[in-house]
Amino acid sequence: MAEYAHPEFLVETEWVAQHLDDPSVRIVESNEDALLYDTGHIPGAVRVDWFTTLQHPVRRDFLTKEEFEALCSSLGISNDTTVVFYGDKSNWFAVYAFWLFEYYGHEKRKVMNGGRARWIAENRPLTTEVPSYPPTTYRAKEPDASIRAFRDDVMRHIQERLPLVDVRSPKEYTGELLHMPGYPQEGAQRGGHIPGAVNIPWAQAVNEDGRFKSPEELRQLYQSRGVTPDKEIIAYCRIGERSSHTWFVLKYLLGYPKVRNYDGSWTEWGNLVGAPIEKGEGSQV
Amino acid sequence: MNVNLPPRLAEIVSDFAECEGREKLELLLDYARRFPPLPAEFNADSDAEDVPECMTPVRMSAKLTNGRLTFAFDVPAESPTVRGYAMIIMEGLNETTPEEILAIPAEFYLQMGLQDVLTAQRLNGMAAILAHVKRRAAEALEKTD
């Protein structure tokens with residue numbers, strides 16, 4: 001079986017189990033459910049929360065560089081720590097954290113394949129004990145703008161007819177729903193998708209057990225829809241977390257050189273005055 | 001304040017309102033931890049229904065005895081937030097009348113202040129559960145009329 005393009009960014013649960021006491025490794029849990037970590041987590045793992053830890057407290061953005069440095073220090077993460085991310089819902093929020101750590105230049109990053117569900121399915125140990133580590137003096141790098149798209153980048157992308165991947169559910173894509181089923185307060189004024197975007201829901205990249213599909217399956221999934229490595233790609237969803245999952249698959253598992261996550265996503269685009277929108281099935285490549 | 005809430009639910013709401021920050025989450029976690037195992041009759045209960053608006057697969061059943069409703073829920077362990085919501089509803093609305101349930105303001109839970117520590121999306125489970133509970137109360141009222 002062919003390997004993923006950058007297998008060093010992915011680890012299996014067994015690797016994590018063997019590094020629980022490794023001081024050069026910090027395990028970070030990042031979940032959709034805000035209480036899940038408290039019910040039990042991998043021994044030694046610290047928690048980040050999408051809303052209360054990673055987002056800016058006031059404006060719509062994530063942490064500033066200084067705030068990110070303070071976060072890493074408080075979690076006992078040094079610049080040379082290997083950070084392993086895992087979480088619920090097939091690692092969807094874990095990969096968002098991975099993306100943010102890359103943005104601020106943290107080098108040694110890994111995602112635990114299969115996430116929390118697989119760790120539990122394998123009857124591996126959990127604890128409710130919250131660890132604490134001595135603070136570090138963390139120095140973040142200047143933001144890596146090449147992995148983040150803003151709305152003007154998206155506008156140019158449309159004009160140049162470059163591929164956009166909409167990773168939301170089919171009904172959000174067509175405009176039938178203004179929000180993800182069950183998430184009515186995170187909607188937008190308008191429904192539909194960015195013109196030219198193809199709809200490849202993020203979860204199609206994972207198997208039932210939460211692990212990523214094989215390189216062949218993934219290649220087939222994206223390339224058959226015109227999302228090919230020779231082009232610059234932008235992925236988006238509703239608030240930029242599901243699309244960070246697809247961003248990871250394209251960049252690290254398939255080795256696409258230029259992939260960006262549009263974290264403004266539909267909650268920005270669908271509210272933006274004058275922004276072009278396509279409804280219905282849209283463009284099929 | 002809280003005049004439209006059944007007494008036990010009003011108590012729960014004010015307990016949450018009095019907590020600060022992370023204490024609110026600790027309290028919600030207490031409710032999640034007390035979430036009971038599925039009642040034996042649940043699986044056989046043809047009234048059990050899915051709550052489709054929830055991201056988490058939630059099933060609910062309602063029982064009407066002497067004009068009062070009780071609810072039971074099935075929520076997976078990996079969704080403690082939703083378990084917490086379901087437990088609040090189960091406890092807060094235990095043996096209430098359909099009229100009491102229908103009088104609950106749709107956004108009663110905002111008084112608990114969980115929006116300060118949870119994103120809006122994570123509160124929607126509560127809204128969805130309340131909407132279903134209200135629908136069952138309306139049906140119960142029709143039957144008794």
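**Figure 1. A:Ser265 sits in helix H10 of chain A.** In this predicted model, helix H10 covers residues 265-269 of chain A, and A:Ser265 is found in it. A:Ser265 is not a glycine, yet its phi is positive, at about 50 degrees. Most residues other than glycine have a negative phi. Is A:Ser265 buried or exposed? A:Ser265 is buried, because 26 other C-beta atoms lie within 10 Å, and 20 or more are enough to count as buried.

**Figure 2. A:Arg161 lies in a loop of chain A.** The loop runs between helix H6 (151-159) and strand E6 (164-166). A:Arg161 also has a positive phi, near 55 degrees, and is a residue other than glycine. The surroundings of A:Arg161 hold 11 other C-beta atoms within 10 Å, so A:Arg161 is exposed. The cut-off for exposed is 12 or fewer.

**Figure 3. Domain 1 and domain 2 of chain A touch.** Chain A is divided into domain 1 (7-143) and domain 2 (146-269). Their centres, taken over C-alpha atoms, are separated by 23 Å. How many residues of each domain are in contact with the other? Domain 1 brings 18 residues, and domain 2 brings 16. On the domain 1 side, H4 and helix H5 (115-121) each supply at least two residues. H4(A) gives the most to that side, with 8 residues. By class, this side of domain 1 has 11 nonpolar, 5 polar and 2 charged residues.

**Figure 4. The largest nonpolar core draws on both domains of chain A****.** This core has 70 residues. A:Phe85 and A:Ala97 have the most contacts inside it. Which helix gives the most to this core? Helix H4 of chain A (residues 92-103) does, with 11 residues. Domain 1 (7-143) and domain 2 (146-269) of chain A each provide at least three residues of the core. Nonpolar side chains tend to be buried together in soluble globular proteins.

**Figure 5. A:Ala97 has contacts beyond its neighbours in sequence****.** Neighbours within four places in sequence are left aside here. A:Ala97 is then in contact with A:Val28, A:Ser30, A:Val48, A:Leu54 and A:Phe85. Apart from the core of A:Ala97 lies another core, of 41 residues. Among its members are B:Tyr31, B:Val58, B:Val75 and B:Ala86.

**Figure 6. Chain B has 5 helices and 3 strands****.** From the N terminus on, the order of elements is α-α-β-β-β-α-α-α. Chain B has 145 residues, of which 39% count as buried. Consider its contacts with a separation of 6 or more: 68% of them join residues 24 or more positions apart.

**Figure 7. Helix H2 of chain B has a buried side and a face turned away from that side****.** H2(B) covers residues 22-33, 12 residues in all. From first C-alpha to last, H2(B) reaches 16 Å, close to the 16 Å expected at 1.5 Å a residue. Which residues of H2(B) are buried? They are B:Lys24, B:Leu25, B:Leu28, B:Tyr31 and B:Ala32. Seen down the helix axis, the buried residues of H2(B) fall within an arc of 110 degrees, so they line one face. What covers them includes helix H1 (7-18) and helix H3 (80-92) of chain B. The face turned away from the buried side carries the exposed residues B:Arg22, B:Glu23, B:Glu26 and B:Asp30.

Methods. Residues are numbered from 1 along each chain as its sequence is written. Chains are lettered from A and ligands numbered from 1 in the order in which they are written. This is a predicted model: local features need pLDDT of at least 70, side-chain atom pairs count only at pLDDT 80 or more; totals for chains, interfaces and linings use all residues. A nonpolar core is a set of buried Ala, Val, Leu, Ile, Met, Phe, Trp, Tyr and Cys residues joined through C-beta atoms within 7 Å. Helices (H or I, at least four residues) and strands (E, at least two) are DSSP runs, numbered from the N terminus. Domain bounds come from an automatic or database domain assignment. Two residues are in contact if their C-beta atoms, placed from the backbone, lie within 7 Å. Ala, Val, Leu, Ile, Met, Phe, Trp, Tyr, Cys and Pro count as nonpolar, Asp, Glu, Lys and Arg as charged, and the others, Gly among them, as polar. The expected span of a helix is 1.5 Å times one less than its number of residues. The arc is that of the directions from the helix axis to the C-beta atoms.
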